[in-house]
Amino acid sequence: MSFLAELWSFMRTRKKYWLLPVLVMMVVFGGLVVLSQGSAVAPFIYTIF
C-alpha cells in the first residue's frame with residue numbers, strides 16, 4: 001500500500017495526472033491476460049492485442 005501512496009504523492013506533486021489512465025489500463029489488461037490463462041476464452045482475448 002505504501003507504493004500506491006507514494007505513486008499518488010508523486011503524481012500529485014509533479015502534476016502528472018495523465019499517468020493515472022495509463023496505469024489503470026495497464027492493470028486492466030494485465031488482469032485480463034492473467035485471468036484468461038488456461039480458459040476457453042483465451043484465443044478470443046489474444047486477438048484483441
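# A tour of a three-helix chain

The protein chain exposes about 4,300 Å², and carbon and sulfur atoms supply 76% of that area. Accessible areas here come from the Shrake-Rupley method with a 1.4 Å probe; for residues, only the protein chains shown count as cover. This is a predicted model, where local features need pLDDT of at least 70, side-chain atom pairs count only at pLDDT 80 or more, and totals for chains, interfaces and linings use all residues. Residues are numbered from 1 along each chain as its sequence is written, and side-chain values use heavy atoms, leaving out hydrogens and water.

**Whole chain**

Show the chain as a cartoon. You will find three helices and zero strands. The pattern along the sequence is α-α-α. Helices (H or I, at least four residues) and strands (E, at least two) are DSSP runs, numbered from the N terminus. The C-alpha atoms fill a box of roughly 45 × 20 × 5 Å along the principal axes. Of the 49 residues, 10% are buried. Buried means under 20% relative accessible area, exposed over 50%, and partly exposed in between (1.4 Å probe, protein chains only).

**Helix 1**

Select residues 2-14. This is helix 1, with 13 residues. Its end C-alpha atoms are 18 Å apart, which agrees with the 18 Å expected at 1.5 Å a residue. The expected span is 1.5 Å times one less than the number of residues.

**The loop**

Now pick Lys-15, in the loop between helix 1 and helix 2. Its phi is positive, about 60°, although Lys-15 is not a glycine. Is Lys-15 buried or exposed? Lys-15 is exposed, with a relative accessible area of 61%.

**Helix 1 against helix 2**

Add residues 19-36, which form helix 2. Helix 1 and helix 2 pack at an angle of about 150°, with their axes 11 Å apart. Axes are lines fitted to C-alpha atoms, for helices over the stretch in contact, and angles run from 0 to 180 degrees between N-to-C directions. The two helices are therefore roughly antiparallel, a term for angles over 145 degrees.

Show side chains at the contact (heavy atoms within 4.5 Å). Helix 1 brings Leu-7, Trp-8, Phe-10 and Met-11. Helix 2 brings Leu-19, Leu-20 and Leu-23. By class, this contact has seven nonpolar, no polar and no charged residues. Ala, Val, Leu, Ile, Met, Phe, Trp, Tyr, Cys and Pro count as nonpolar; Asp, Glu, Lys and Arg as charged; the others, Gly among them, as polar.

**Helix 3**

Finish at Ala-42, in helix 3 (residues 42-46). Ala-42 is buried, with a relative accessible area of 10%. Select Leu-32 too. The C-alpha atoms of Ala-42 and Leu-32 are separated by 9.4 Å. Along the chain, these two are 10 residues apart.

Definitions and conventions: Parallel < 35°, antiparallel > 145°, perpendicular 65-115°, else oblique.
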